[in-house]
Each structure stands twice: as C-alpha cells, then as structure tokens.
Amino acid sequence: MIRHELATCVLLGGMAVAGCERVEQVGDDVAVETASLRCVPRDGATILGVAPNGELWLSTASGTRVLDLAGGDRTIAASLGDATHVLPWDASTASFVAGDALWSWRDGAREVVALPESVGAVRDLCGAPDDEHGVFVATDRGLFERDGRWWWQWSSGGAPLPPGQRVFSLDGACGGRDDTVWFEADDGELWQVSAASAAPVADARELTDLVGRRGGVAARFGSTLRLGPDWRDVELAGGEVVAMSGTYRRLWVATTAGMYSRTGAWSRIDGLPTTPPATIAAHAADGAWLAYDDELCHATIAPPILVRGLRPFERRRERTVELELAFVDHTETTAIVALDGAEVASAEIADGVARLPELALGNTGWHALSVRTGDHERLLDYYLLPGASRSWAADIEPLFQTYCAGGACHGPAPGGNRPDLSTYEGWQARYAQIRSRLLAGTMPPTDPRPTAAELDAILEWIEGGRLP
Ligand code: HEM
C-alpha cells in the first residue's frame, strides 16, 4: 500500500505533485517464500564480494577464501589485503581497486590494468576491465567509461562530472537494460548517468547501499530503504533496515525482525535465523550469502542454476558462445534453453552439468537467455554489439559532408556554440550527444536528414567501437 504524508501534500488528479513524502508500507500479509539454507563457520572472514554465479570471496588472516554453491570452500593465493573494491567473476578471477589503480586477478596472479594518466586515481569500478565495453571507473577526476580502445570522461552540460567515490555495480555490470549507471560524487551527490542524460538526483551523504533494478533503483540510507525513480520510502513491518543487497531481479532486505524480498512484488523470507545478518551479498543465480557473527549462510529460494561463459549484462561482439550450465541440488535430467522466449536448444544434464558448445546468440541488441529445468528458470540478459566494423573515414565522413558540414553548421571551424564535427576527434568527443540528438531527431535541424540506413550506420559506428 502506498500512503502519502498529507500534511503539506499537493495532489493534482490524485497525483502527488509537491511537498509529498511517498511511503510504501509492506505489512506481514505479503506472500511468504521459504529459503533453504547452508551454513559454514565464518572464522572471522570478511566479505570482499560475490560473483554472478554465487562464488563468495572472503578476506581472512591467511589470505583469500572462496566459497561456492556446490559446497566448495578453499583458500586461493590471491593477496587482496590492500583491495578496497573487489568484483569477483568466478572462483578464480576478479577485478579490484588497490592503491588508486585498477587490477585483475587471473590465473593465480594480479595484473594492473593500464589506464591513461588523465583518468586519475581510481576509487571504484563496475564491469570487467578486460572487456572493451560497459566498464566504468570512478576516480578523483570524475567518471570514465571504457569503450573499445578508449577511456572517455563523462560530462554533463559541457562540464566533467565531479570527482567520484563510488560507481555501483549490478550483478557485476555497470547497469541493466536501461543503461543507467549510478555514480556517487565526492561532494555527496548521487548521479544518474545514461546516454540521454547525466544529473544529480539525490543526496548520497547517508547512502549505504544501492542496487539498480528492473525499472528503477533501490537504495539504503542508514536504516531507511528508498525505491526510485520516485524515491519513495519503504516501511517494512519487520522494522528498521539493517542490511540490503540485490540483483536485477531480486532485492533482499534484512530488518530487525525479518527478511523481505522484492521481485515484482514483496514477499517475506522464512527459514532463516531470527537474528538479522550483518551483511547480505546477493548474486544473479537467485541466492544470497548472509553474514552472521559466527557463520556464513547461503540462502536460496530455488535450487541454483549457474551459467558459465556469459555474464549478466555482458556487452559482447562474438555471436556465438560455449555455455556450461551447472544445476545445484536439481534432480531433472534435461535443460531447455531459450532466447527472447523462443526455445533454441535442449541439453542433457549429467552429474549436474550440461554443455552447449556453440550457442548462436542472435543479432545486435539486447537479449534474454533463459535456462529452464523442471519448474526452475534462470534468466540472464546480454547485449550483442554490432559485428560490422564501420570506420569514420569510410562510413561517417561522407555523411558529415552531406548532412552536417558547412560554416553555419559544424565546420570546419563553425561559429557560435556549434561543435566542430569535421574531424574524427570531433565525433569521438561527442558521440553520446550525437547519438541522442540524432535519435531525438533534433539534428540536423533542417532537411536534408540522414535516411534510416544512414542513421543505422552512424549508430553501428558508435556502438561498434568508433574506429577512425
Ligand atoms: C547529421 C548531421 C549533424 C549532426 C550529427 C549534428 C550534431 C549536433 C550535436 C551533437 C549538437 C549538440 C552539441 C552539444 O550538445 O554539445 C549540435 C548542435 C547544433 N547543431 Fe548540429 N548536427 C548536425 C547537423 C546540423 C546542421 C545541418 C546544422 C545547421 C543547419 C546544425 C546546427 C546546429 C546548431 C545551431 C547547434 C547548437 C544549438 C543546439 O544545440 O541545438 N547541425 N549538432
């Protein structure tokens, strides 16, 4: 139920327009889901991070410990004692920030990720830095995005974004299908960043955790939970919020008296210790690690389905993939794989594993992979980048000449506040504005305008790595 604090509220046609504190109340009359729990001794370990398939990385006195959903519990040689932010990808690979630099842990060794000096001191990351696309770092100079061979600084209204503290990850990636990245600046502002706009949207000084979600965002400010985009407070019958974590599809919220979860609707999670966990680390295989004083417990509503070979919200160019599917505590012997709702393959499950050596992933754009066995399903979204490699010189420069050139427009050496788009560098520096102005149809301001095919060519060049 949504209730408005009506004291100073101005309603227009039932819509809250001013001075309204929107509050969503979640009672104990919501659906109940029962979790199955598996616990191991904590032995003083601290959670570093969790991988999309549930591998939990822990910092211990003797090094780095990794727990997995099949009951694996081992110490790896990774020396992450100095790491401030760790993004694990599986049981042996991770990206992390240490000493103002970006690092990868892979094949038993740590390796610095070379960044242009102009990026500055790294504070936080989202996405896998080895990927060419969909990687952001928050630094003492602002927000930077890796795209192809380039790291680009994000700006708003012509000014670079302020120095940053955190950039929030979603299942390890930087954002979901809505391409929104959440960035916390040094000055205490929370920025919502997307191709269309970049703007501060909330005061982040009390912000503890934030999770981008399907159609919105969930943020914990101390003991208060807020859901965006309208930033309404959520009052849970269990009382104050003590921990929160989530994925694109499920939010986990621990209160002083009970655990709640939100997928499309709220539910209460039963089957857990009455004491709330101090920390929650949720992962994309629809489970969560709960940290209690003496033990670490993995809670799951349904037996996990693990997907190896493709990561949630991965942006990739390759159109086929070798997939390994692992089924923890399942009894079925067949898995059905579908893309965007259409069945594309079925695979035999042997010893809890099924393999698809060469799965075709479809065409350019967003896709949803579904792995179903019995009544259980795992969904994973990914983005296929355009295959065709277009170059500025061959594909874009002629379009510039036809549609944007000239002194009165975009140069060379245009007047006024018009950007010079007569060079590759000019397009490189403004590709996001070019994309949004072309898609908005506000550029060119007059005829002639590019045809649909020409627009596609420009978008393919932009998303295909913007080759010179
Ligand atoms: C496909 C061709 C064109 C592209 C890609 C293009 C792109 C852009 C972009 C990205 C901006 C905004 C810059 C910013 O936000 O910082 C802009 C602004 C502008 N463009 Fe274009 N443009 C094109 C054609 C033209 C033409 C033909 C004219 C002149 C008739 C023109 C006149 C202007 C003017 C006056 C502005 C500044 C005012 C505004 O932002 O609307 N453009 N253009």
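Half of this protein is tucked away: of the 468 residues in the chain, 50% count as buried. Keep in mind that you're looking at a predicted model. Here's a quick tour, from the overall build down to a few aromatic rings.

**Overall build**
- The protein chain has four helices and 43 strands.
- Its radius of gyration is 24 Å, close to the 23 Å that the globule rule gives for 468 residues, so the chain is as compact as a globular protein of that length.
- If you lay the C-alpha trace along its principal axes, it spans about 70 × 60 × 45 Å.
- Take the contacts between residues at least 6 apart in sequence: 49% of them join residues at least 24 apart.

**Surface and charge**
- About 20,400 Å² of the protein chain is exposed, and carbon and sulfur atoms supply 51% of that.
- The chain carries 40 positive and 65 negative charges, and the mean positions of the two sets are 3 Å apart.

**Aromatic rings**
- You can find nine aromatic pairs in the structure.
- In one of them, Trp-182 and Trp-231 have ring centres 6.0 Å apart and planes at 90°, so this pair is edge-to-face.
- That pair links distant parts of the chain: Trp-182 is in strand 22, while Trp-231 is in the loop between strand 27 and strand 28, 49 residues apart.
- Trp-231 also pairs with Phe-221, with ring centres 6.4 Å apart and planes at 75°, so this one is edge-to-face too.
- Phe-221 belongs to strand 26 and lies 10 residues from Trp-231.
- Trp-182 and Trp-231 are both buried, and Phe-221 is buried as well.
- Elsewhere on the ring list, Tyr-248, Phe-313, Trp-366 and Tyr-383 are linked by ring pairs into a cluster.

Conventions:
Residues numbered from 1 in each chain as written. Predicted model: local features only at pLDDT ≥ 70, side-chain atom pairs only at ≥ 80, totals over all residues. Heavy atoms only, no water. Helix = DSSP H or I, 4+ residues; strand = E, 2+ residues; numbered from the N terminus. Rg over C-alpha atoms; globule rule 2.2 N^0.38 Å. Buried < 20%, exposed > 50% of the residue type's maximum accessible area, 1.4 Å probe, protein only. Contact = heavy atoms within 4.5 Å. Areas by Shrake-Rupley, 256 points an atom, 1.4 Å probe, with all protein chains shown as cover. Lys, Arg positive; Asp, Glu negative; His and termini not counted. Charge placed at Lys NZ, Arg CZ, Asp CG, Glu CD. Phe/Tyr/Trp six-rings, centres within 6.5 Å; stacked < 30°, edge-to-face > 60°.
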